[in-house]
Amino acid sequence: MITAEAVPGGATSVERRPVRGRGRRECRMVGVVTEVEAPAAPPVAPGWLRALRLAVLACCALVLLVPAALIVVRLGGLDDGTDLSLPVAGVPYVAVLSVLVLFTTALLRSRALTAVALALTAVQLFWLVPRFVGDGGGVPTSAPRLRLATSNAYLGQVDPAALVRLAREERVDVLAVEESNPGLANALERAGMAGVLPYKVAGRYSDTALYSRLPLSAARVADAPFSDEPTSAEVAVEGRTVRVVAVHTYYPLGDSRKWAAGFDALRSDVAGRARNAVLLGDFNATLDHTPMRRLLDTGLTDTHAELGRGFDGTWPADRPVLPPVLQLDHVLHGDGLKAVTVAERTLPGTDHRAVVAELAVTG
């Protein structure tokens, strides 16, 4: 016999029990059928929280337009001779912004925006990471060394005694000075520059000058609308000739076309003879600017990047709070030289940090 009984909790008990009678055996089935409650729906975020998430994602989408635009400008070389050269200087900092947006969109679980942020970040890191890594090293110990320094004198306002002291303490062989003038030249002489770097070459109409511990042979650079006409000279390092060019390009904020034309002239001048050349000074450009990258394509290497120091800022150096955020001062060299060390030094009276580099003459 089968019976059903109600049990607490909304269940039904079913039993089958054996029943004897009339020569046969019956069984009673006993069982329990339990009512299963439907699963609870996931909690729904409050309306204001959903609205906040959408607002943050919208802001992230707008922010990503900045690195996207800069990538297009850099890939297309659109900053060459245009005012777009100004925002291109901020590429490394925009890359940091891209990384922050990447983490934000991933945290908010927006697959589409995370994918876009990841792609933009990857492109920028492809450009920037090699400057951290560097490929210096392997310099033959027997190779002669050439120590060079460059300083933008800020319209002759650099402290002359500090500049002479830098040349002496850093054992500089060749010093390039940009934005010099007769007043500074006389002040350097009074401060004892002749006793440290007795040889000097300066262009007739130039505000750049080269001071050297070794004899210099003046050389000419192709005419161009530079801020200061570059000064070039040759120096012999243990029988090996190195051509040194002191550079100060026009600043892009003043005239971006003149700025680009200056790089064109440098590129034409160094093409085919970059191997034993050193170009140093205030280039008014970072490694992301198209004219600078095209100049490097002639066979030159940036000493900072070669040693993994591609983000050491040199400008502005005269702000009480803001550290130097842009690397505008460079030491470039050809394949016949190899970077050994590079460092920056702050001098009173100027808005640029001086750069001191040691190169091994290998070719």
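Is Glu238 buried or exposed in this predicted model? Select Glu238 and show its surface: at 66% relative accessibility, the residue counts as exposed. Its place is the loop that joins β9 (228-237) to β10 (240-248), and a backbone readout gives Glu238 a phi near 50 degrees, which is a positive value in a residue other than glycine. Most residues other than glycine have a negative phi, and most peptide bonds are trans.

**The whole chain**

Before going further, zoom out and colour the protein chain by secondary structure, which comes to ten helices and 15 strands. Of the 363 residues in the protein chain, 45% are buried. If contacts are limited to residues at least 6 apart in sequence, 65% of them join residues at least 24 apart.

**The annotated spans**

Next, select residues 54-76, 88-108 and 115-133, where UniProt, in an unreviewed entry, places the feature "transmembrane region". For residues 54-76, the end C-alpha atoms lie 33 Å apart and the span is 100% helix with 0% strand. For residues 88-108, the corresponding end-to-end distance is 30 Å, and the span is 86% helix, again with 0% strand.

**The pair α3 and α4**

Now keep helix α3 (residues 91-107) and helix α4 (residues 111-133) on screen, and look along the contact that they form: the two pack at an angle of about 145 degrees, with their axes 9 Å apart, and their crossing is left-handed. On the α3 side, select Val91, Pro92, Val94, Ala95, Ser98, Val99, Val101, Leu102, Thr105 and Ala106, and on the α4 side select Leu113, Thr114, Ala117, Leu118, Thr121, Gln124, Leu128 and Arg131, since these are the residues that meet. The residues of this contact divide into twelve nonpolar, five polar and one charged.

Within that contact, centre the view on Thr121 in helix α4, which counts as buried because its relative accessibility is 5%. Leaving aside residues up to four places away in sequence, Thr121 touches Ser98, Val99 and Leu102. To follow one of these partners, draw a distance between the C-alpha atoms of Thr121 and Leu102, which are 19 residues apart along the chain and separated by 7.9 Å.

Then move along helix α4 to Phe132, which at 54% relative accessibility counts as exposed. With residues up to four places away in sequence again set aside, Phe132 touches Gly308 and Phe311. The C-alpha atoms of Phe132 and Phe311 are separated by 7.7 Å, although the two residues are 179 residues apart along the chain.

**Strand β4 and Leu146**

Select strand β4 (residues 145-152) and pick out Leu146 within it; at 0% relative accessibility, Leu146 counts as buried. Beyond residues up to four places away in sequence, show the residues that Leu146 touches, namely Asp173, Val174, Val237, Val242, Ala357, Glu358, Leu359 and Val361. Asp173 is 27 residues from Leu146 in sequence, and their C-alpha atoms are 6.4 Å apart in space.

**Helix α6 and its surroundings**

Approach the next helix through the loop between β5 and α6, where Glu179 is found. Its phi, near 55 degrees, is a positive value in a residue other than glycine, and Glu179 is buried, with a relative accessible area of 17%.

Helix α6 itself covers residues 182-190, and its residues Leu184, Ala185, Ala187 and Leu188 are buried. Because they cover an arc of only 165 degrees around the axis, these four residues lie on the same side of α6. Turn the view to the other side of α6 to find Pro182 and Arg190, which are exposed. To see what covers the buried residues, add the neighbouring elements, which include α5 (160-169), β5 (174-178), α7 (193-196), β6 (199-202) and β7 (209-212). After α6 comes Gly192, whose phi is positive, near 100 degrees.

**A last stop at Pro316**

Finally, select Trp315 and Pro316, and inspect the peptide bond from the one to the other, which is cis, with omega near -5 degrees. Pro316 is found in the loop between α10 (303-306) and β13 (329-333).

Conventions:
Residues numbered from 1 in each chain as written. Predicted model: local features only at pLDDT ≥ 70, side-chain atom pairs only at ≥ 80, totals over all residues. Heavy atoms only, no water. Axes fitted to C-alpha atoms, helices over the stretch in contact; angles between N-to-C directions. Left-handed = near helix turned anticlockwise from the far one by under 90°. Contact = heavy atoms within 4.5 Å. Nonpolar A, V, L, I, M, F, W, Y, C, P; charged D, E, K, R; others polar. Buried < 20%, exposed > 50% of the residue type's maximum accessible area, 1.4 Å probe, protein only. Arc of directions from axis to C-beta. UniProt positions renumbered as here; feature names shortened; annotations may be inferred.
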